[in-house]
Structure formats: C-alpha cells, structure tokens
Amino acid sequence: MIERTEDERVGRSSALWDDLLRISMREGGVAAALVLIVLFFSVTAPYFATPENFLKIFVQIAINTVLASGLTFVILIGGIDLSVGSVLALCTVVGATIMTDEHLSPAASIPLALAACMGLGAGCGALNGWICEKWKVPSFIVTLGMLNAASGVARVVSDNSTITGLPQPFIDFGNTIIWDVLPSIFLIALAVVLIGWFVLRFTVFGRYIFAIGTNEEAVRLSGHTPKIYKIAAFTISGLTAGIAAMVYLLRLNVGSPIAGVGYELNAIAAVIIGGTSLSGGKGSIVGTLVGACILQVLSTGLQLFGADDNIKPIVIGSVIVLAVVFDTYRGRLLRKLETR
Amino acid sequence: MSDPILSLASVGKRFPGVTALSGVSFEIARGETHVLLGENGAGKSTLINLLAGLFRPDEGEITFDGLPYRPGTPTDAFRAGIRVVHQELSMLSNLTVAENLLFEDLPRRYGLVDFRAMNRRAAELLDEVGLDIAPTTLVNRLGVAQMQLVEIAKALCHDSKLLILDEPTATLTAREVDRLFEILDRLKAKQVTVLYISHRLQEIHEIGDQVTVLRDGRHVTTRALAGLTIPDLVHLMVGRELEEQNAFRDDVIPSGEVLRVRDLQLSTEGPRISFSVGRGEIVGIAGLVGSGRTEMVRALFGADPKTAGVIEVEGRPVTIASPRDAVRCGLGLVTEDRKQQGLLLGMSCAQNITITDLGKVSRHGVLRPRVEREAAARLVRDLRIKTATVHQAVGTYSGGNQQKVVIAKWLYHGMKVLICDEPTRGIDVGAKAEIYDLMWGLAAQGKGILVVSSDLPELLAICHRILVFAKGRIAGEVPRAAFDQQRILSLAYEEPGLDRTN
C-alpha cells in the first residue's frame with residue numbers, strides 16, 4: 001500500500017521531523033501532562049511553586065523512581081514484579097544491620113552495606129526470574145510469593161524491630177542538598193534513570209528486552225535464548241530494589257521490616273503512567289521518571305490545595321486509569337503516523 | 001448484470017499518506033462467484049474491510065441488495081447479510097467448535113445456554129461443510145484447514161446474501177481445496193453470492209464466473225473469467241508478464257552436500273527421517289497439511305525437541321538442541337507464521353533485520369545506530385523492500401514485504417542452509433517472483449535451500465528435487481527429471497487416513 005518509496009530515501013537518517021513527532025508523541029504526552037499539572041498547582045495552590053516545596057517533592061520521589069526504573073525492565077518483557085517493596089524492606093534491614101555493627105568503621109560498613117543491598121536485591125530478583133523461567137510460572141505468582149517470603153525473612157533478620165543508629169557520615173550524606181533544591185538522594189535516582197535509559201536505548205541488551213517484549217518466540221527463532229535476558233530483567237528489578245533500600249536508609253535513617261509496604265503498587269503506577277505497556281515491548285524509562293513525578297506532584301499539590309485526605313487516592317486512582325486510556329488512543333495515533 | 005447485489009460507484013479510501021483505493025466502480029451480480037484479484041497492496045484488503053464495516057469509504061457510493069450500504073461497524077455488515085471469512089482466522093480457541101459457530105446467537109432455554117440444541121445445530125452446520133469432527137471439540141485442537149472450514153460453516157449458519165472469502169485456500173492442501181469448492185458449488189445452487197479473493201490463479205477458473213482486477217488501488221477490469229488464461233490474469237494484475245515456469249534456473253547446478261540429516265526422530269516411536277541438501281540445491285518438501293513437514297523442520301532447527309538423529313552441516317556432525325545452536329551451525333528458518341514467529345511487528349525494519357546478529361552493529365555491547373541503519377538499508381535496497389525509511393514498523397508492511405524482511409534478517413546473519421516454511425503464503429505474484437529470485441540468488445552462492453510448501457505448482461517450478469511427506473515420514477523422493485503432479489500427489493495421499501479433515 002506504500003508506493004511513495006524510492007530507494008534513495010531508504011537509508012537516509014531523514015524523516016527527522018517524523019522522528020521528533022514520534023518521540024514527542026511517545027514521551028511528550030506524559031511530559032505535557034506533568035507540566036500542566038505543575039502549572040495548575042503553581043497557580044491554584046499556595047506555597048506550591050516554592051523551592052522548599054520542590055525540594056520536598058524531589059526528596060519524596062527518589063525511592064519510587066529508583067524502584068520503578070528497574071521495574072520498567074520487567075514490565076517491558078511483559079512480566080511484573082510485585083516483590084520490590086518487600087525486597088526493599090529486607091535490604092533496609094540487612095543494610096542497617098551491617099551499618100550498625102560495632103566492629104565496623106563507617107568507612108568499611110557503608111560500602112559493605114551498599115554491596116550487600118545490591119547483591120541481596122539482585123539475588124532476590126534473579127531467583128524470581130529463574131523460577132519463572134525454569135518452571136514457566138507467571139511472574140505475577142512468583143513475585144507475589146517473593147513479596148511474602150522476603151517480608152518474612154526481613155522480620156526474622158530484624159527480630160521484628162526497627163534498626164536505628166546509622167553512622168553519622170551516612171546520615172549527613174542523605175541530608176545533603178545541592179543548590180538548595182537538589183537533594184543527594186534525588187541525584188542518585190536521576191543517575192539510576194540515566195543508566196537505565198542508556199541501557200535500554202543504546203545497548204544490545206536493551207534491544208533484546210524490547211524484542212522479547214514484542215515477540216519472544218521470534219527472538220528465540222532468530223537464534224537467541226530469551227530466558228537469559230528475562231532473568232536479567234528480574235535481576236535488574238531486584239538490584240534497583242536494593243539501591244532503593246539504600247536511598248530509603250539515607251532518607252529515613254532507619255531499617256525496618258515493615259518498610260516499603262505498598263511501594264510495588266506505586267512503582268507499577270509510575271511505570272504505567274509513564275506509558276510503558278503492561279503487555280510488554282513498548283515504553284521507556286524516561287516515561288517512568290515522568291510518571292513518578294506526576295504521582296508525587298499530584299499528591300503534594302492536592303495536599304497544599306487543601307484537598308481532603310480521602311480525595312487524594314480517588315484522584316490518583318483516576319489518573320492511573322486515564323493514563324492508560326489515553327495511552328490506547330495515543331497508540332492509534334502513533335500507528336497512523338507510522339503508516340505514513 | 002441485470003440484477004446486481006452489490007455495486008460500487010467511484011469508491012475511494014485514503015490513509016494518511018497512502019491512497020488505498022480510488023475511483024473503484026464495479027458490480028457483482030446476484031448468485032455469481034466473483035473473483036477479486038490484485039497484487040498485495042492493490043487494495044483488495046481495503047475493499048473487503050470497507051464491505052465488512054471495518055473502514056468507511058472517503059468517497060463514492062456502495063449499494064447492497066438495492067439499498068445504499070454504509071456500514072459503521074462489523075455488526076451492520078452482519079445484519080445486512082454480508083459474511084466475511086478473513087484470511088487471519090479469528091476464533092475463540094478455548095471454546096468448543098459449537099460455541100464458536102453459534103457465538104453470535106447461542107440457543108437459549110430459560111435464559112441459559114441450551115447446549116444440546118447448540119451442539120445439534122452445530123453438527124448440522126459441520127455436516128454442511130463436510131467436516132467430520134465433534135461439535136464439542138475445542139478449537140485449539142483443530143488444524144488450520146479445519147478452522148478454515150469451521151469459519152466458513154459459521155458464515156453459512158446465518159442467512160448470508162454475500163459471502164466474502166479472503167484467501168481461503170492459502171493454508172489448504174489440494175484435497176481440502178476440492179472440498180471447499182464442492183461447498184462453494186452447493187452455495188451457488190442456493191443463489192448465494194460469493195466474493196472470492198485468491199492468489200492462486202490456477203484454481204479460480206474452477207469456481208469463478210466474473211473477475212475483477214485491482215492494481216494500485218484502481219479498478220483495472222471486470223469481465224467474464226472464461227477465456228482468460230493465467231498469463232492474461234497476471235498481465236492484468238501486474239501490468240507485465242511473469243511466468244512461474246521461468247522461475248527455474250538451470251545454470252545453477254547443485255554440487256556436494258551442505259546438509260545431511262540421518263535418522264531424525266521426533267518421538268521415540270516416530271519414523272526415521274533421512275535426507276540431504278546439496279550446495280546450490282533447492283529441495284522441496286511437499287505433503288498434506290498435518291503430514292509432519294513443519295514439525296520436521298522445526299525439530300531440525302531445534303525449535304521443538306527431537307529424540308534421535310544425526311545432523312551434519314558441510315560434512316561435520318553438529319548438535320542442535322535449540323534455535324541458537326541451529327543458527328550457530330549456519331541454519332536459518334523462515335517460519336510458517338511470519339507474524340507470530342518471524343517478525344517483531346511493533347519494531348522497525350532495521351531492528352527486525354539486525355536481531356539475528358546484533359554483534360555486527362555494536363561495539364562492547366553498545367549499538368551503533370549508523371552502522372545498523374546502513375546495514376539494514378543495504379538489504380532493503382538489495383531485496384527491494386518497499387519502505388519509506390528503515391525505521392518504519394514492519395507491522396504496517398504488506399505480506400510480501402514482511403516476508404522479504406524475514407529473509408533479509410537471515411541474509412544479514414549469513415547462513416549455509418535456509419529453511420523456508422511456506423515462504424510465499426498469502427503473497428502476491430510479483431512478490432513471489434522476487435522471493436524465488438532471492439532463493440536462486442542464494443543457491444547460486446552455494447547455499448542449500450529447503451522449501452516447505454502446500455503450493456505444489458510452486459515446488460514444481462523452483463525445486464531441483466521434491467521430498468514428499470506423508471504421516472510424518474518421507475513417502476518418496478522425486479528428482480526434477482521425474483516431476484509429475486499426479487505422482488507427487490499420489491505419494492502424499494498414500495495414506496488416506498492421515499487427511500485430517502476426512
């Protein structure tokens with residue numbers, strides 16, 4: 001049906017305009033929504049457009065952004081990871097235990113805790129992925145199991161209590177603010193997003209993630225082993241849960257087995273609002289960052305707006321559904337654009 | 001043409017950037033079997049979708065059964081009496097045949113489904129199309145050919161005035177096609193009008209009365225089929241002569257051996273399969289649907305498990321336990337179902353091509369977009385893939401174009417043996433010829449090619465040798481010098497019990 005094609009056009013990087021249009025359609029929709037929401041609250045809600053408030057928002061989105069970044073990998077391959085909140089709790093407990101160990105100096109205990117959190121998180125994720133692939137069990141079930149199991153282990157390890165008394169340098173680092181508006185933990189989150197974006201967008205591994213989410217069988221029949229990349233995606237999700245645990249410790253200075261309850265749902269919401277398709281193959285980590293921002297801006301904005309606390313979940317719930325509805329329409333528009 | 005059931009007057013349909021149909025006018029007389037021909041992209045599918053209520057025309061008038069026809073939804077088309085059996089079957093695979101057949105109008109009793117009445121009615125419908133299966137069979141148990149017949153039975157179950165069949169024989173074997181034609185004859189006796197779309201030019205004379213040819217979205221002609229030869233039809237469709245007979249190139253002479261399969265067994269009690277493919281040789285695999293052709297090539301490629309067998313590539317024994325092993329050994333597979341197994345539909349042409357070997361377009365695991373774009377563009381040019389840019393999603397391509405992308409990805413990777421399962425299914429004449437050209441190009445380079453096809457004339461036209469499969473084993477091997485349609489068919493039908501629709 002497409003007849004307007006000449007050989008010379010084919011290889012050109014051309015279609016820059018089409019590309020820009022496509023990118024703005026892909027990411028721009030959510031970004032525009034975020035800008036509109038920010039503008040709306042800036043005008044209507046007192047104290048919204050102040051550096052203090054932005055600082056607060058940046059502090060609050062850090063954990064969710066890190067969690068959701070890793071989760072994006074899993075959702076892109078068409079899976080789901082419900083265990084990130086529990087794994088985070090387990091990692092906070094382990095990290096805090098290591099950092100409060102009297103025999104270790106802060107110089108040793110902090111890097112050790114970081115390594116332990118990342119290793120443990122990645123291990124939980126790898127286990128999730130391995131079980132899914134080994135026994136062909138839906139990831140929903142496996143990670144639901146991990147959600148419970150990790151939470152139980154966290155209680156055992158912490159003896160059902162919160163762990164305080166983290167080393168002072170660690171706490172100080174967590175409280176560091178750059179240029180009066182950028183908290184250190186937000187910069188960590190940003191770094192995670194950047195790395196994730198690079199991996200997904202520019203590496204062979206990222207290409208496999210998208211390809212597997214689009215058509216796993218075709219990838220297999222092209223001579224690859226999708227299993228490995230799928231397990232890797234779950235491992236990344238676990239790894240970011242471990243990093244998010246360190247961010248949690250930096251922010252709240254306490255390790256707790258009941259940390260992170262319900263975090264997985266916030267993370268999923270951020271990924272979905274960011275335009276990543278639950279059926280896999282489509283989405284981006286930049287979208288996820290914007291999605292996390294939208295969630296927090298709405299929450300803070302409504303609070304400053306003086307909205308009833310009970311209204312907040314109603315609005316946020318509606319936004320999640322609207323985002324997906326909008327996404328479906330956008331998909332149609334994109335397809336039209338691509339048939340041009 | 002005194003009593004047209006359907007008439008189109010300057011119907012046009014545009015999509016962004018593409019004019020799919022423009023100024024199409026023709027009539028279909030009541031009770032006739034009207035054949036619609038055209039290359040892929042000629043506008044046939046668009047026309048069917050307009051009639052099925054999936055798209056609305058941008059211009060022109062359609063009159064159906066004496067009334068202006070402007071369906072807004074498929075339901076409108078259904079109510080007007082138009083039934084469409086689409087090329088891509090859309091069945092509810094976890095339900096029974098009976099439930100699928102009567103889904104639109106389940107018999108009810110006290111507000112509940114009356115299963116007994118439903119199954120009785122379904123049995124009648126199945127009988128009408130000569131399909132001997134229980135109405136309670138789950139659809140996912142059926143073969144493609146059987147599903148096709150169920151779809152037709154479904155179209156028949158409601159009084160239809162116009163039955164549209166889009167490529168109904170694409171997946172059928174000769175015998176199943178015969179059965180379909182018997183059914184169509186019976187429908188004709190009942191004065192049901194049929195609009196029949198097919199790429200198989202040999203068969204349309206058997207059933208068609210009139211033919212309409214579309215080319216590039218325009219109406220070329222509508223006339224009686226009688227007196228038109230296949231070259232005439234091809235000429236009308238493509239505007240140039242193309243002969244399948246010319247597809248064979250006797251300057252390519254097979255030599256040596258590139259692939260040898262010894263005693264391949266798909267299950268412990270299964271028959272042992274042995275054969276070989278030479279350098280520069282095109283070997284065909286004929287047989288009925290369900291004769292184990294696809295199963296064999298999938299097992300050979302490591303996509304499905306096998307229990308025994310030795311495979312040698314260029315004389316060296318290799319172990320193939322997964323598609324990954326197969327690709328490493330130099331095999332490539334063009335799958336039977338290109339949308340489900342061959343392509344990443346939502347991804348770009350370039351991404352589809354380079355997926356077989358991203359190592360060539362990356363450094364230390366990081367992609368090099370320019371290198372990738374150039375590699376893809378080269379193949380797009382070589383294979384004459386019609387696309388605006390290499391970044392276009394392959395989901396928007398026509399069937400022939402998509403198939404070229406699948407072949408391109410193996411050319412990009414490089415292989416010693418290319419296995420093609422139904423490489424030209426649902427592809428128009430022009431693209432078919434190009435695919436044959438590609439195969440010959442590979443053969444001339446000394447690659448071995450294994451082609452599975454249900455289209456026997458195609459195999460006769462392009463193969464050096466044909467292996468005939470029946471009941472999971474090789475029933476016979478026919479060299480080119482002894483090619484004879486009758487002989488191959490009798491080998492394939494050797495075991496009448498295996499015809500699944502019988």
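Trainee: How many of the 15 residues of α14(B) are buried?

Mentor: A residue counts as buried if 20 or more other C-beta atoms lie within 10 Å of its own. By that cut-off 14 residues of α14(B) are buried, and the helix is mostly covered. Keep in mind that this is a predicted model.

Trainee: What span should helix α14 of chain B have at 1.5 Å a residue?

Mentor: The expected span is 1.5 Å times one less than the number of residues. For the 15 residues of α14(B), 399-413, that gives 21 Å, and the end C-alpha atoms are 22 Å apart, so the two values agree. After the helix comes Gly414(B), with a positive phi near 85°.

Trainee: What span does helix α9 of chain A have between its end C-alpha atoms?

Mentor: α9(A) covers residues 204-221 and spans only 17 Å, where a straight helix of 18 residues would span 26 Å.

Trainee: Where does α9(A) bend?

Mentor: The bend is at Asn215(A) and amounts to about 120°. As for its surroundings, α9(A) is largely enclosed by the rest of the structure, because 15 of its 18 residues are buried. Gly223(A) follows this helix, and its phi is positive, near 95°.

Trainee: What does the radius of gyration say about chain B?

Mentor: Begin with the contents: chain B has 24 strands and 17 helices. Its radius of gyration is 24 Å, close to the 23 Å from the globule rule for 502 residues, so chain B is as compact as a globular protein of that length. Of its residues, 51% count as buried. Among its contacts with a separation of 6 or more, 69% are between residues 24 or more positions apart.

Trainee: In what order do the six strands of the open sheet in chain B run?

Mentor: The order is β6-β9-β10-β3-β11-β12, with mixed pairing. An edge strand pairs on one side only; here the edges are β6 (82-85) and β12 (218-224) of chain B. On average, neighbouring strands are turned by 15° against each other, direction ignored.

Trainee: How many bridges join β11 to β12(B)?

Mentor: Six, and the two strands run antiparallel. In one pair, Leu214(B) has His219(B) of β12(B) as its bridge partner.

Trainee: Which strands does helix α8 of chain B touch?

Mentor: Helix α8(B), residues 230-238, packs on the sheet and touches β3, β11 and β12 of chain B. The direction of α8(B) makes about 35° with that of β11(B).

Key. Residues are numbered from 1 along each chain as its sequence is written. Chains are lettered from A and ligands numbered from 1 in the order in which they are written. This is a predicted model: local features need pLDDT of at least 70, side-chain atom pairs count only at pLDDT 80 or more; totals for chains, interfaces and linings use all residues. Helices (H or I, at least four residues) and strands (E, at least two) are DSSP runs, numbered from the N terminus. A residue is buried if 20 or more other C-beta atoms lie within 10 Å of its own, exposed if 12 or fewer, and partly exposed in between; C-beta atoms are placed from the backbone. The bend at a residue is the angle between axes fitted to the seven residues ending there and the seven starting there. The radius of gyration is taken over C-alpha atoms; the globule rule is 2.2 Å times the number of residues to the power 0.38. Two residues are in contact if their C-beta atoms, placed from the backbone, lie within 7 Å. Two strands pair if DSSP finds at least two bridges between them. Axes are lines fitted to C-alpha atoms, for helices over the stretch in contact, and angles run from 0 to 180 degrees between N-to-C directions.
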